[in-house]
Amino acid sequence: MGGRAMGAGLALSADEVSHGERVRALLRQEIAAAGGWISFERYMDRVLYAPGLGYYSAGARKLGGGGDFTTAPEVSSLFGACVAQQCAEVLIELGSGVILEIGAGTGRLAVDTLTRLESLRCLPERYVILEVSADLRERQRALIAAQLPGLAARVEWLDAPPSRPFDGVILANEVLDALPVARFRWKPTSCEEMGVAAADGGFVWAARPASPAMSSAVAALAAGNGWDEGYVSEYCPRLRPWTRSVIGSLRRGAALWFDYGLPRAQYYLGERQGGTLICHFRQGAYEDPFIRPGLQDITAWVDFTALAEACLAADCELAGFTTQAFFLAGLGIDREMRALAGADENRFARLANQARRLMLPGEMGERFKAMAWTRGMGLGVERELSGFALQDLRHSL
Ligand SMILES: C[S@@+](CC[C@H](N)C(=O)[O-])C[C@H]1O[C@@H](n2cnc3c(N)ncnc32)[C@H](O)[C@@H]1O
């Protein structure tokens, strides 16, 4: 996602101003009804997902060059080509299966993955998309109809995780970072929950004594990390139930999670005071979640140790954890570059630039990680998923 940018280009249109005012009014109403305070988790849930009003529920552009941030599939079709290679390995092992993509954004990853799977003669029976945003769902439908008319009939949309068992692959790129997080402030003898109150027409942080559940969760995170008094960070209470719900119906297959994040020991280092909460608006990154509510994205990095624990709790095997760079290298991104460019040397040069953006450590290569969970696949040490074969970071979790 984008770097810091301030100043020009941040003026809001009249529609945005009135949309922002409606979101503020909803929040003020909720805060008043709750006695003057709501948790940050609730605030984040409302500003991202309130029906018709939240950032992901209403109709702003969001992803890609003209939007607020750019994801790996938006950077290059190479990402989807490599993901397709990984899906093909699993689908071949299973005999056949379904792909379920969660949070499909503009539909770019679906198009690129299906395109490559078709050329590999390894199409899934169906490509199912679970998407909360009605607006993005329409964009996905339009892109798939325009770019893959012959395959559009295979693509379906769901409102809720599948209820019937299926075999196949689950994909989620940059979805976990959009799950609402709880914010805390730690002291050696107590813990506070950082919530939200209304003030001066806007919103401010307001602390309250943490619940016993939060206090014990934070005590476990604090252990041995040398936090100073007043250390502030966040964690995602709904990560485990949410991942369990989306993986619940996978009978045999793999789930591939891609996101920016860290193993817990690095996430909660004493020097990372302030946590990882960040907002995106028109390709800029901002720290204040109370400006532009409903108009800017709010995200937090993923605690990959928590994701690995969720995997075990969901009766899955942790089949791999690596950086995005090693995931793409393991799936032959250089070969995919050749295949996409054909004899067009200019296209090859453009793809090489995109590959650098996806893979360089200072770009997306190290900050973004890939994690694989499998269920009922029986993959052993000798038969690893290729995306996880070059580098194994599971020991860091
Ligand atoms: C940051 S965007 C990433 C989009 C896309 N995967 C990409 O990489 O370009 C997050 C996506 O997840 C969707 N989303 C967020 N929370 C979700 C949830 N609980 N269930 C399904 N989709 C969700 C959003 O609407 C959006 O499509």
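Select Ile333 to begin, and you will find this residue in helix α12, which covers residues 333–341; helices here are DSSP runs of H or I with at least four residues, strands are runs of E with at least two, and both are numbered from the N terminus. Ile333 is buried, with a relative accessible area of 6%, where buried means under 20% relative accessible area, exposed means over 50%, and partly exposed lies in between, using a 1.4 Å probe and the protein chains only. Add Ala145 to the selection and compare C-alpha positions: Ile333 and Ala145 are 188 residues apart in sequence and 27 Å apart in space.

Before moving on, keep in mind that this is a predicted model, in which local features need pLDDT of at least 70 and side-chain atom pairs count only at pLDDT 80 or more, while totals for chains, interfaces and linings use all residues. Residues are numbered from 1 along each chain as its sequence is written, and side-chain values use heavy atoms, with hydrogens and water left out.

**The ligand**

Next, select the ligand and the residues around it. Which residues are closest to the ligand? Of the 19 residues that surround it, the closest are Tyr49, Thr71, Gly103, Glu131 and Asn173, a residue being counted as near if one of its heavy atoms lies within 4 Å.

Now look at individual atom pairs, with a polar contact taken as a pair of N or O atoms within 3.5 Å; within protein, one atom must be able to donate a hydrogen and the other to accept it, and residues adjacent in sequence count only if both atoms are side-chain atoms. At Glu131, an N or O atom of the side chain is 2.4 Å from an oxygen atom of the ligand. At Gly103, a backbone N or O atom lies 2.7 Å from a nitrogen atom of the ligand, and at Trp242 an N or O atom of the side chain is 3.4 Å from a nitrogen atom of the ligand. On its own the ligand has 590 Å² of accessible area, of which the protein covers 95%; these areas come from the Shrake-Rupley method with a 1.4 Å probe, and for residues only the protein chains shown count as cover.

**A hairpin and its turn**

Select residues 190–199, which are strand β7, together with residues 202–209, which are strand β8, and you will see the two pair in the antiparallel sense over 8 bridges; strands are said to pair if DSSP finds at least two bridges between them. To follow one of the pairings, pick Glu193, whose bridge partner in β8 is Arg208. The two strands form a hairpin with 2 residues between them, and Asp200, in the loop between β7 and β8, has a positive phi of about 50 degrees although it is not a glycine. Is Asp200 buried or exposed? At 86% relative accessibility, Asp200 counts as exposed.

A second stop of this kind is Asp315, in the loop between α10 (304–313) and β15 (317–323). Phi of Asp315 is near 60 degrees, a positive value in a residue other than glycine, and Asp315 is exposed, with a relative accessible area of 61%.

**A sheet of 3 strands**

Move to the open sheet whose 3 strands run in the order β12-β11-β13 with antiparallel pairing. Its edge strands are β12 (284–286) and β13 (297–299), each of which pairs on one side only. Strand β11, residues 278–281, pairs with β13 over 3 bridges, and selecting Ile278 leads to its bridge partner Thr299 in β13.

Then select the loop between β12 and β13, where Gln296 is found. Gln296 is buried, with a relative accessible area of 1%, and its side chain reaches the backbone oxygen of Asp288 at 3.0 Å. Arg292 is placed in the loop between β12 and β13 too, and is buried at a relative accessible area of 14%. From Arg292 to His19, the separation is 273 residues in sequence and 9.6 Å in space, C-alpha to C-alpha.

**Cysteines**

Finally, select the cysteines. How many disulfides does a search of the whole structure find? The search finds 0, a disulfide being a pair of cysteine sulfur atoms within 2.5 Å. Cys122 is buried, with a relative accessible area of 11%, and its sulfur is 8.8 Å from the closest cysteine sulfur, in Cys87, too far for a bond. Cys316 counts as buried at 6% relative accessibility, and its sulfur is 5.2 Å from the closest cysteine sulfur, in Cys311, which is too far for a bond.
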